[in-house]
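The following exercises ask the reader to work through a ligand site and then a helix, step by step. Please have the sequence and the coordinates open before starting.

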Amino acid sequence: MTAPRILLIVGGGIAAYKACELVRTIRKEGGEVTCVVTDSGTKFVTPMSLAALSERPVYTTLWDLKNEAEMGHIQLSRQADLVVVCPATADLLAKMAAGIADDLATTLLLATDKPVLAVPAMNVRMWQHPATMRNVQTLRDFGIDVMEPDEGPMACGEYGPGRLPDPTAIWQHIARKLGHSSASLVDPLADQPDFDAGTHRSLHGRHVLVTAGPTWEPIDPVRYIANRSSGKQGFAIAAAAAQAGARVTLVAGPVHLETPIGVERIDVESAVQMAEAVQNALPADIAVMVAAVADWRIASYTGQKIKKRGSGPPALALAENPDILATVAAGPNRPALLVGFAAETQDVIRYAQEKRLRKGADWIIANDVSGDVMGGDANTVHIVRDNDVISLPEMPKEDVARILVERFADALG
Ligand code: C5P
């Protein structure tokens, strides 16, 4: 069977980052992808990322005379087996239904003689609006295949249908449409993401160790030093790794979070306890140190409550805590992939690059905590590796976790 050729039109919505995952999936399954990005799509995903993933030029404008000469917009769509619009925003669906052709994407869609698949993603109210429902019906009447969006929590905080389906599910839909046999299609379990698909899952047979949450450093039996880490990002990574088939050990500082399904959780309080629990949990294939470990502890902890004295406040002498990440990096049981986190408020990437080298980690996931990331549900991260930096747009911590876990699986091969 020849490789399916997909013309992928990327619209401007928060789900556009998943188009990158879709390009990777199609390529992995042996397909070819040429990307066209709408003007608003370029605000969410850069043409450079799509060009790197597809290994092809990316087209953004109707007025690029060079490309019009070399590759007319009509020809662009004629060279594909299928045109996929992903994410198909409410605006793109409306233009497609009305036959508007005011940019490269909509002109291609009007000019194509190839089957079109639209994969909508938008806010639940936009999806359920009678105008969108009417547009979807019109497109279906035209013979355009409009996938149903997934239901779930949305980037905007609401709940309902409107989420972009998982890129694997989109690929399966594409492959089925084109009669293409793929590894994920012949797998009878692949359509059931919650089902234990055993050895097909990307981290099957791996041990993943995650640290999460803050540490509490006791001052005396009733007082402690703490920080604002909620543990949400680390717990989401542990959950995503378990869903990907890994055996997961989660060493958690004091947090108010439920243990994710399939995860072995070890609760600790202080940095010293966390360091010990991590050593006991090794060896691991992957270690992801997400915990916000306190840098210092009280040097002279006595076990007695410190009394208020008339002579003024006590002087608290501090001692340095063990650096768990650096210790694991230098130790005999160093995991094949060692990942640290860096919470910064300025020069995020530069500090992360320095931290990667200083601590001996393979990757540092840098996040800008100048906003309300700590305790919040969304995160904006940069994956800092030895020779590149991958920047993801702001997204829910669960989505960050899923993308990171797939990257971890790819890195282990
Ligand atoms: O030095 P900083 O705290 O910014 O480094 C953050 C990274 O190092 C995180 O991955 C964190 O879990 C890890 N770390 C550690 N032990 C420490 C301090 C930080 O493992 N004592």
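On a 1 Å grid over the protein atoms alone, a pocket is an open set of points with protein on both sides within 12 Å along at least five of seven lines, and a molecule sits in a pocket if more than half of its atoms lie within 2 Å of its grid points. The model is predicted, local features need pLDDT of at least 70, side-chain atom pairs count only at pLDDT 80 or more, and totals for chains, interfaces and linings use all residues. Residues are numbered from 1 along each chain as its sequence is written, and side-chain values use heavy atoms, with hydrogens and water left out.

**Exercise 1.** Determine in which pocket the ligand sits and which polar atoms it meets.

Solution. Step one: the ligand sits in the second largest pocket. Step two: taking N or O pairs within 3.5 Å as polar contacts, a ligand nitrogen is 2.8 Å from a polar backbone atom of Pro-322, while a ligand oxygen is 2.8 Å from a polar backbone atom of Leu-325. A polar side-chain atom of Lys-359 lies 2.9 Å from an oxygen atom of the ligand. Step three: taken alone the ligand exposes 450 Å² (Shrake-Rupley method, 1.4 Å probe), of which the protein buries 86%.

**Exercise 2.** Establish how many residues of helix α6 are buried.

Solution. Step one: helices are DSSP runs (H or I, at least four residues), numbered from the N terminus, and α6 spans residues 104-111. Step two: with buried meaning under 20% relative accessible area (1.4 Å probe, protein chains only), seven of the eight residues are buried, including Leu-104, Thr-107 and Ala-111.

Notes
Buried means under 20% relative accessible area, exposed over 50%, partly exposed in between (1.4 Å probe, protein chains only). Helices (H or I, at least four residues) and strands (E, at least two) are DSSP runs, numbered from the N terminus. A polar contact is a pair of N or O atoms within 3.5 Å; within protein, one must be able to donate a hydrogen and the other to accept it, and residues adjacent in sequence count only if both atoms are side-chain atoms. On a 1 Å grid over the protein atoms alone, a cavity is a set of points where a 1.4 Å probe fits but cannot get out, and a pocket is an open set with protein on both sides within 12 Å along at least five of seven lines; lining residues have an atom within 4 Å of a point.
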